[in-house]
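Trainee: Please choose a single part of this model and take me through it closely, stating your cut-offs as you go.

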Amino acid sequence: MCIIFQHSDMTEEMKGEVMELVVTACEKHATNNEIGRKNNCTFCGVFRRQALDRGASLLGVDCMATGHNADDIAETVLMNILRGDIARLQRCTDIITACEGSIPRCKSLKYTYEKEIVMYAYFKRLHYFSTECVFAPNAYRGHARAFLKDLEKIRPTAIIDIIHSGEGLSVREGVNLPERGICSQCGFISSQKICKACVLLEGLNRGLPRLGIGKTSKANLVLQTPSKENLKSV
């Protein structure tokens, strides 16, 4: 069974991590409010993906179909290149992504342009969102999207060309890539000992919103240190 999730499919526990609270917590502890303006997508993306995994696990589905379109995938390819993220770059163009112990995700609209989807929804009188996310005014993806649109003006096939280029990229032998395993805290899929969702939540609880945004080694070092709440209870 393949399923597309709606917000009502999630449990109350999953709905608890709303972006309003996350942004408020980030702005409260950030010295220059940079986190509250710039890194919201990190929190939203990580929590949303784990919410989908948890919901799919509760419903016992075999596959999840997501709404990623050609524009989304081309933007992701550009972002991973600019970040030098080899591991994600290798799999971000896969139409089906899965690893042992996880529920596969299918990108059925991989080769469909965003404007084609909007036109279809408009002529079929379907409800759709046409506004940008209010929590992502300075998101990194926004810069990649603007660059991609400029490329498309010069070369109309730029989006599909970038996807095909991403599909043809491969990592040479001998390069060590992170292996996916199980998070030691929540038990969900992770390429680190502690998954990103748990690190971000711990950072919010400790008043350290940048904890899950910086280097993993630094985050692990902080996580090994007892929080003030834990010290009080000892």
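Mentor: Ala146 is partly exposed, since its relative accessible area is 42% (buried means under 20%, exposed over 50%, and partly exposed in between, with a 1.4 Å probe and protein chains only). This is a predicted model, in which local features need pLDDT of at least 70 and side-chain atom pairs count only at pLDDT 80 or more, whereas totals for chains, interfaces and linings use all residues. Residues are numbered from 1 along each chain as its sequence is written, and side-chain values use heavy atoms, with hydrogens and water left out.

Ala146 lies in helix H8 (helices are DSSP runs of H or I, at least four residues, numbered from the N terminus), and its C-alpha is 9.4 Å from that of Glu75, although the two are 71 residues apart in sequence. Glu75 belongs to H5, where Asp71, Asp72, Ala74, Thr76, Leu78, Met79, Leu82 and Arg83 are also part of the contact (heavy atoms within 4.5 Å) with H8. On the H8 side, the partners are Tyr140, Arg141, Ala144, Arg145, Phe147, Leu148 and Lys149. By class, the residues of this contact are 8 nonpolar, 1 polar and 7 charged (Ala, Val, Leu, Ile, Met, Phe, Trp, Tyr, Cys and Pro count as nonpolar, Asp, Glu, Lys and Arg as charged, and the others, Gly among them, as polar).

As for geometry, the axes of H5 (residues 70-83) and H8 (residues 140-154) come within 9 Å and cross at roughly 110° (axes are lines fitted to C-alpha atoms over the stretch in contact, with angles from 0 to 180 degrees between N-to-C directions). The two helices are therefore roughly perpendicular, a label covering 65 to 115 degrees.

Key:
Parallel < 35°, antiparallel > 145°, perpendicular 65-115°, else oblique.
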